[in-house]
Amino acid sequence: MEDLRNKYLELISNAADEGALEELRVQAVGKKGEISLKMRELGKMTPEERQVVGPALNALKNEINSALAAKKAALADAALEERLKTEWLDVTLPARARRQGSIHPISQVTEEVTAIFADMGFAVAEGPQIETDWYNFDALNIPGHHPARAEMDTFYTHRAEGDNRPPHVLRTHTSPVQIRSMEKTGAPIRIICPGRVYRADYDQTHTPMFHQVEGLAIDKDISMANLKWVLEEFFSAFFGTHVETRFRASHFPFTEPSAEVDIQCSWEGGQVKVGEGNDWLEVLGSGMVHPKVLQAGGIDPNEYQGFAFGIGIDRLAMLKYGIPDLRAFFDSDLRWLRHYGFASLDQPTLHGGLSR
Ligand code: PHE
């Protein structure tokens, strides 16, 4: 019996895994195991023998069972130990850099502009960036021979071979949305239209794609005085300080009379500051909507009149945030965004030009 005990305790302690342990259990204390067979022999023994051998076999069986259980637990511990060694995590490693997006200054300024005009009751209207030449020119009283067409450095699309209709254009200004809005809702109208416009032009202050916001107010008694009030209200809100405006007589085919509007500013050390000083900076074109334009939009010029204006959004952003080069807006390196204080998307700071 002592041999049996030594044999199994040794085998158990050397078992490599749970499978081997199970085999040993069957072999020793299973139904047909060595110890079970021995127990079956008890019946053939004398009562005296049985009294000695019986308890000894039982004790052996218990000892083997607890050795099996202990070894099983030890194997499980070892396996866990192994796993912990391979699955460790170094929490002292520095975190991986996360890429952070940020709101583009043009988007932010567009939001700011929209919010200010919304406070004055202007809704947002939109139109396509690829326009017919009728909406972009003719309906705005710019006929085919008009020099304004040539001046605008228009991008034209191609027509298929043999298609003699006039080509579509990339809209050169947001003014075509005036006509689209008139057609859509009729008078009265109070809208702004922010959006992309295109002209073949590229230098420090011109990019082939830029942004304008068109304004249009039409009713029975809208006057130039309303225009002046709305613009001064807008500029003061946008720049966060009272801004004087200066109206200069000008010419646009789609307004009569027309005015270019300057805002008060100062130049110091090449830096422009709006709302102070004795200099003037041209920021937009405007005027009273030409009767022919009202007619083109299906509005009776004898009953209604209104004002329109077009402001360059990119220029507004440059002025407000002191950005010197317009091309920076479309540069792929966005570090300059942080330089000018534009917040990442994690901390949005919404709501806080010339027309060319
Ligand atoms: N569309 C003109 C431009 O881009 C600006 C403008 C808009 C002028 C509305 C008058 C009225 O230059």
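Which residue follows helix 8, and what is the sign of its phi? In this predicted model, helix 8 is followed by G186, whose phi is positive, near 65 degrees. Helix 8 itself comprises residues 176-185, and its buried residues are P176, V177, Q178, I179, S181 and M182.

The surroundings of the ligand may be described next. The ligand is surrounded by 16 residues, the closest of which are H173, S175, R199, Q212 and G310. Three of these closest residues bring polar side-chain atoms to the ligand: an N or O atom in the side chain of S175 is placed 2.9 Å from a nitrogen atom of the ligand, a polar side-chain atom of R199 lies 3.0 Å from an oxygen atom of the ligand, and an N or O atom in the side chain of Q212 is found 2.9 Å from an oxygen atom of the ligand. Of the 330 Å² of accessible area that the ligand has on its own, the protein covers 99%. By residue class, the shell around the ligand consists of nine polar, four nonpolar and three charged residues. At least two residues of this shell are supplied by each of strand 5 (209-219), strand 9 (279-289) and strand 10 (305-312), and strand 10, with three residues, gives the most.

Strand 5, one of the strands that contribute to the shell, is largely enclosed by the rest of the structure, because 10 of its 11 residues are buried. Its pairing with strand 4 (residues 189-198) is antiparallel and extends over 10 bridges, and within strand 5 it is A217 that stands opposite R190. Strand 5 also runs antiparallel to strand 10, to which it is joined by eight bridges; here E214 stands opposite G310 in strand 10, and G310 is itself listed among the closest residues to the ligand.

A further set of antiparallel pairings is centred on strand 7 (255-268), a strand that is mostly covered, with 10 of its 14 residues buried. Strand 6 (245-252) runs antiparallel to strand 7 and is joined to it by seven bridges, among which R246 has D262 of strand 7 as its bridge partner. These two strands are connected as a hairpin through two residues. Strand 7 also pairs with strand 9 in the antiparallel sense, over nine bridges, and Q264 stands opposite W280 in strand 9. With strand 8 (residues 271-274), strand 7 again runs antiparallel, the two being joined by four bridges, and the bridge partner of W267 in strand 8 is V272. Strand 7 and strand 8 likewise form a hairpin, with two residues between them, and G269 in this turn has a positive phi of about 55 degrees.

The loop between strand 6 and strand 7 holds F254. The relative accessible area of F254 is 9%, and this residue is therefore buried, given that buried means under 20% relative accessible area. Residues remote in sequence take part in its surroundings: N141 is 113 residues away from F254 along the chain, yet the two C-alpha atoms are 5.6 Å apart in space. When residues up to four places away in sequence are not counted, F254 touches L140, I142, H173, S175, M288, V289, H290 and V293. Two of these contacts, H173 and S175, are also among the closest residues to the ligand, and the side chain of S175 contains the N or O atom that is 2.9 Å from a nitrogen atom of the ligand.

Another of the contacts of F254 is H290, which is placed in the loop between strand 9 and helix 10 (291-296). H290 has a relative accessible area of 17% and is therefore also buried. A polar atom of the H290 side chain lies 3.0 Å from the backbone nitrogen of K292. Apart from neighbours within four places in sequence, H290 is in contact with N141, P253, F254, T255 and E256. N141 thus appears in the surroundings of both loop residues, as a contact of H290 and as the residue whose C-alpha is 5.6 Å from that of F254.

Terms used
Residues are numbered from 1 along each chain as its sequence is written. This is a predicted model: local features need pLDDT of at least 70, side-chain atom pairs count only at pLDDT 80 or more; totals for chains, interfaces and linings use all residues. Side-chain values use heavy atoms; hydrogens and water are left out. A residue is near a molecule or strand if one of its heavy atoms lies within 4 Å of it. A polar contact is a pair of N or O atoms within 3.5 Å; within protein, one must be able to donate a hydrogen and the other to accept it, and residues adjacent in sequence count only if both atoms are side-chain atoms. Accessible areas come from the Shrake-Rupley method with a 1.4 Å probe; for residues, only the protein chains shown count as cover. Ala, Val, Leu, Ile, Met, Phe, Trp, Tyr, Cys and Pro count as nonpolar, Asp, Glu, Lys and Arg as charged, and the others, Gly among them, as polar. Buried means under 20% relative accessible area, exposed over 50%, partly exposed in between (1.4 Å probe, protein chains only). Contact means heavy atoms within 4.5 Å. Two strands pair if DSSP finds at least two bridges between them.
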